[in-house]
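Me: Please take a close look at one loop in this protein and at the parts of the chain you meet when you work outward from there. A connected account is better than a list.

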Amino acid sequence: MHLSDWLVVRLASFVMLARHWRAVVSFWNSIGRLPKLCPPESQNDKFLWRKLFDHNPAFETFCNKLASKKWAKERCPKLLVPETLWTGSSAADIPEHFFTQRVFVKANNGSSYNVRIEGTSCDRRSLEKLFDRWLVRPYGQRQAEWGYRNVPRKVFVEQTVGSAKGEPPVLVQVFAMAGKPVCAHCMIGWKDGERLGSFYSLSGERLSIRDMDCKPIPIDWQVPEGFQRAIEQSKLLVRNIDHVRCDLMCVDQQIWFSEMTPYSASGLERYATRAGEEFVYRNWDLRQSWFLTTPQQGWRQRYAQALLRLLNDTSAD
């Protein structure tokens with residue numbers, strides 16, 4: 001290890017952590033320690049490093065709920081994508097007839113910015129105030145989620161996806177490293193009531209990994225019939241990305257696109273055991289990131305060169 005490289009990496013990390021001190025506070029509150037970025041060690045460290053340094057243009061597409069749907073359809077034409085029924089700049093402009101249907105009203109610039117309309121009475125005034133708050137400033141500033149910063153703020157109405165029997169979709173969250181799926185986290189009840197989730201292998205076998213932020217699915221539950229198709233279609237969406245989470249919905253053996261997530265759980269995911277974390281993220285190699293594979297400018301170039309040498313030295317140990 002060259003002392004100069006260590007100093008460059010440490011100085012750049014200190015400056016960026018000081019600039020985004022609120023993200024450091026969130027990290028401390030959630031993970032219980034300060035982040036380690038010289039070099040990044042755990043998956044939580046890598047997520048924070050990504051937020052501060054890795055400004056992959058693809059992340060802006062993934063963080064834009066409207067742009068990501070178009071991107072997914074272009075990359076995977078056979079994948080079903082929920083139809084956008086209306087788009088505007090304010091919830092006050094939503095046509096009245098949508099409030100008598102079963103649809104989602106969403107803001108495209110943030111996570112969980114959605115309200116389901118069931119075709120019954122809806123307090124429209126409260127909904128408009130809620131969306132006004134969501135659209136007033138960029139999402140993710142406190143957490144330093146760069147990808148949301150420049151997303152044009154829009155409101156849109158989207159069709160509701162559900163089975164013919166009225167059952168909600170099963171959400172299959174595919175975790176991919178180095179452009180390949182590693183495992184999947186299935187969720188049920190994620191739109192209604194209690195959220196249950198468990199990890200499964202790519203062949204659909206239950207894994208012993210436990211996400212601390214989600215109660216496990218009952219042990220006798222079986223993955224949906226479309227699980228394997230979801231894994232196969234996800235392969236077209238995760239190519240050439242060092243890490244991303246691809247969310248797909250299984251409904252009556254059909255596969256629907258949900259979202260692409262570069263900041264899974266804002267990078268603050270917790271697992272019951274370190275072994276579980278290592279299984280999911282062990283193949284996340286920052287040397288394959290956009291930042292370290294694309295020429296940078298100014299101090300970022302010097303930092304990228306130093307970090308790359310540091311990561312190579314660490315990998316060789």
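Reply: Ala178 is partly exposed in this predicted model. Its relative accessibility is 35%, and it gets that class because buried means under 20% and exposed means over 50%. The residue sits in the loop that joins strand E5 (170–177) to strand E6 (180–188). Its phi is positive, about 55 degrees, although the residue is not a glycine.

Another alanine has a positive phi: Ala144, near 60 degrees. Its loop lies between helix H6 (124–135) and strand E4 (155–159). Ala144 has a relative accessible area of 7%, so this residue is buried.

Back at the first loop, the strand that follows is E6, and Val182 lies in it. Val182 has a relative accessible area of 18% and is therefore buried, given the cut-off of under 20%. Setting aside neighbours within four places in sequence, Val182 is in contact with Phe175, Ala176 and Met177, and also with Leu202, Phe279 and Val280. Separation along the chain and separation in space can be given for Val182 and Glu128: they are 54 residues apart in sequence, and their C-alpha atoms are separated by 40 Å.

Val280, one of the contacts of Val182, leads to helix H8 (residues 274–281), where Gly276, Glu277, Val280 and Tyr281 are buried. Viewed down the axis of H8, these buried residues fall within an arc of 110 degrees, so they line one face of the helix. The cover over them includes both strands of the loop discussed above, E5 and E6, together with strand E7 (196–200), strand E8 (243–251) and helix H3.

Helix H3 holds Asp45, which counts as buried because its relative accessibility is 0%. Apart from residues up to four places away in sequence, Asp45 touches Phe27, Arg33, Pro35, Lys36, Leu37 and Pro40. Of these, Phe27 is 18 residues away in sequence and 9.0 Å away in space, C-alpha to C-alpha. The loop between helix H2 (21–31) and H3 contains Pro39. The peptide bond from Cys38 to Pro39 is cis, with omega near -5 degrees.

H3 (residues 43–53) also meets helix H1 (residues 3–19): their axes come within 11 Å and cross at roughly 80 degrees. That angle makes H1 roughly perpendicular to H3. From H1, the contact involves Ala12, Ser13, Met16 and Leu17; from H3, it involves Leu48, Leu52 and Phe53. By type, the contact residues comprise six nonpolar, one polar and no charged.

H1 itself has 17 residues and reaches 24 Å from first to last C-alpha, close to the 24 Å expected at 1.5 Å a residue. Its buried residues are Asp5, Val9, Ala12, Ser13, Met16 and Leu17. Seen down the helix axis, they fall within an arc of 130 degrees, so they line one face of H1. An α-helix has 3.6 residues a turn, so residues three or four places apart point the same way. On the other side of H1, the exposed residues are Leu3, Leu11, Phe14 and Arg19.

Conventions. Residues are numbered from 1 along each chain as its sequence is written. This is a predicted model: local features need pLDDT of at least 70, side-chain atom pairs count only at pLDDT 80 or more; totals for chains, interfaces and linings use all residues. Side-chain values use heavy atoms; hydrogens and water are left out. Axes are lines fitted to C-alpha atoms, for helices over the stretch in contact, and angles run from 0 to 180 degrees between N-to-C directions. Helices (H or I, at least four residues) and strands (E, at least two) are DSSP runs, numbered from the N terminus. Angles under 35 degrees count as roughly parallel, over 145 as roughly antiparallel, 65 to 115 as roughly perpendicular and the rest as oblique. Contact means heavy atoms within 4.5 Å. Ala, Val, Leu, Ile, Met, Phe, Trp, Tyr, Cys and Pro count as nonpolar, Asp, Glu, Lys and Arg as charged, and the others, Gly among them, as polar. The expected span of a helix is 1.5 Å times one less than its number of residues. Buried means under 20% relative accessible area, exposed over 50%, partly exposed in between (1.4 Å probe, protein chains only). The arc is that of the directions from the helix axis to the C-beta atoms.
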